[in-house]
Amino acid sequence: MKILVCIKQVPDMESRFKPNGSGVWFEETDLAFRMNEYDEYAVEQAVRLKEQLGDAHEVTVLSIGPDRVVEAIKKALAMGCDRGVHVQDPAASLKDPWQIAAIIAAYARDKGFDLIFTGMQSQDRGSAQVGVTVAEDLGLPCTTTLVGFAYDNGTITAKRELEGGVKGVVRVKTPALVTCQLGLNVPRYPTLPNIMKAKKKEIEAIPVGDLLREEARTATASFHPPAKKGGGIVLEGEVGALVDQLVGILKDKTAVLR
Amino acid sequence: MKALLIGEYREGKLLDTTYELCGFAAQLGGESAMLLVGSEGQLPDYGGTLYLADAAACGEYNPDLHKKLILETVARENPDYVVFVHSSYGWDLAPRVAAALKAAQVSEIVALADGGFEVGCCNAKMRRTVKPATSKAVLTIQAGAFPVTRPGGTPRVERLAAEGSGTLEFVGYEPAEAKGVDLTRAEVIVSAGRGVGKKENVPVIAALAKALGGELGASRPVVDAGWVDHSHQVGTTGQTVSPKLYVACGISGAIQHLAGMKKSDFIVAINKDKDAPIGEVADVLVVADVLQFAPALTARLAK
């Protein structure tokens, strides 16, 4: 079985963001990058499936972006993926979800992957489009938002997370694509021996120009902070004084404290 | 301008989010039509044209077939926009329709913007203004971002026959886990977020909840990490609450969490990050390390 897992490298979401020179995305200076959280679940599930099936089965991890994304690929290799693919694109942040999906589909089209894992969305763009669009482009069945996954003899039993804690159980035959939701599993931390082993694994580099033939279908006009709605009180200072101020406000404004 | 609104129906019920699509269409202006894979017995309060397929016959989750029905309707109505709610139904189906139409998709719209649409990004900390570059566009709107609008009237129903199966086999629904804690009845909820740092710190938040006479709540990451049981989760996939006082401890304020608590009467957020999106809904934002502030507040309340 050939398995592909697609990952994105994103900034730490605790960061402060400001527009870059283009005005349509964030300034990268001073940001720390890591693997998109949703994709960690995708990598973990792909590696678990390989562990279930045996060593003859192979997991390829793919990421698109500038050279820094190799770090995310290395992490996935240390988690247990077998080989990496780096689609080199310094301008990946300017591509729209349709183009990103087209790049992945162009890579995967003639490779005969039985199963493709993606995160359900990225933490930075959050379009939730890429996985499903790759599946449509490749003509693969696809289901999304997985919080449960089981594989047996060519059939996936997936548990989709719906609103209000309800889940939907779906069966689909491979080849297929699934998108992973937070909580699907518990992603492992790479161990030191596995980090060392990963250094020997191959990372194939492919220039984006070899894969992308599609024009963007959306344009970003601006990137900016939300308009402040105001009204809220912001309290800053020393903890003891903050406690006094808050207790005063709660006594004044709520019936909870008397 | 014409919008085709894709209504939502699950477990035999028309979902209220369908009316948020009407709220969006009202802001957009122009005409609309609606498509619903639902039932004759539960028609929406919508006076326009309703394309109706029978969910009992085509399945509530059968994206291949639903896509086919939508494309058929698009061919008849020729809308400028096909609009979904950004939900487990909408984000699953919308890209399939966009791919088939070779149309732009704009996801999780929070507002109309000059010549385009405003969407959230970077975990709701930032916004982008996005413009479709194709003549038709597929849109998903953020749940809760547009007002629930019941246009009223009786729809003019155009029945759609659905044929064929699909590549997915829907097995069934699993109900939400039995709620150990009914947060919807709590007058005070004190919730722990990722900012509490580790599982061992959760009792600090639980102690504050007790001192305020309330219940412990939690954000999704804390539940996923196993620090707090799912029965305490507040948000889209947990419980939707509206207590008299909600205290968010170390919660940045992801959309899914905000949707579950923003109707609380009074909201206090304790967060180190002054720019955290939770500040958008908070009546009071205390900029502090929750692990210092919460114990100090608990001690003060005990006096």
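**Exercise 1.** Find the partner that the side chain of A:Arg34 meets in a salt bridge, then decide how buried or exposed each residue is.

*Solution.* Keep in mind that this is a predicted model. Start with the pair: A:Arg34 meets A:Glu40, with N to O at 2.9 Å. Next, look at accessibility. Buried means under 20% relative accessible area. A:Glu40 has 12%, so A:Glu40 is buried. A:Arg34, at 34%, is partly exposed.

**Exercise 2.** Work out which parts of chain A are tied together by the salt bridge of A:Glu51 with A:Arg188.

*Solution.* First, check the distance: the closest N and O atoms of the two residues are 2.8 Å apart. Then place each residue. A:Glu51 belongs to helix α1 (residues 37-53), while A:Arg188 sits in the loop between β10 (176-180) and α5 (192-198), so the bridge joins parts 137 residues apart in sequence. A:Glu51 is exposed at 51%, and A:Arg188 is partly exposed at 26%. Finally, widen the view: A:Glu44 and A:Arg48 are linked with this pair in a network of salt bridges.

**Exercise 3.** Describe how helices α3 and α4 of chain B pack.

*Solution.* Begin with the geometry: α3 (residues 63-77) and α4 (residues 90-101) have axes 10 Å apart, at an angle of about 50 degrees. That angle makes α3(B) oblique to α4(B). Their crossing is right-handed. Now list contact residues: α3(B) contributes several, including B:Ile70 and B:Leu71, and among those from α4(B) are B:Leu93 and B:Val97. Last, sort the contact by character: 8 residues are nonpolar, 1 is polar and 3 are charged.

How values were computed: Residues are numbered from 1 along each chain as its sequence is written. Chains are lettered from A and ligands numbered from 1 in the order in which they are written. This is a predicted model: local features need pLDDT of at least 70, side-chain atom pairs count only at pLDDT 80 or more; totals for chains, interfaces and linings use all residues. Side-chain values use heavy atoms; hydrogens and water are left out. Axes are lines fitted to C-alpha atoms, for helices over the stretch in contact, and angles run from 0 to 180 degrees between N-to-C directions. Helices (H or I, at least four residues) and strands (E, at least two) are DSSP runs, numbered from the N terminus. Angles under 35 degrees count as roughly parallel, over 145 as roughly antiparallel, 65 to 115 as roughly perpendicular and the rest as oblique. A crossing is left-handed if the near helix is turned anticlockwise from the far one by less than a right angle, and right-handed if clockwise. Contact means heavy atoms within 4.5 Å. Ala, Val, Leu, Ile, Met, Phe, Trp, Tyr, Cys and Pro count as nonpolar, Asp, Glu, Lys and Arg as charged, and the others, Gly among them, as polar. A salt bridge is a side-chain nitrogen of Lys or Arg within 4 Å of a carboxyl oxygen of Asp or Glu. Buried means under 20% relative accessible area, exposed over 50%, partly exposed in between (1.4 Å probe, protein chains only).
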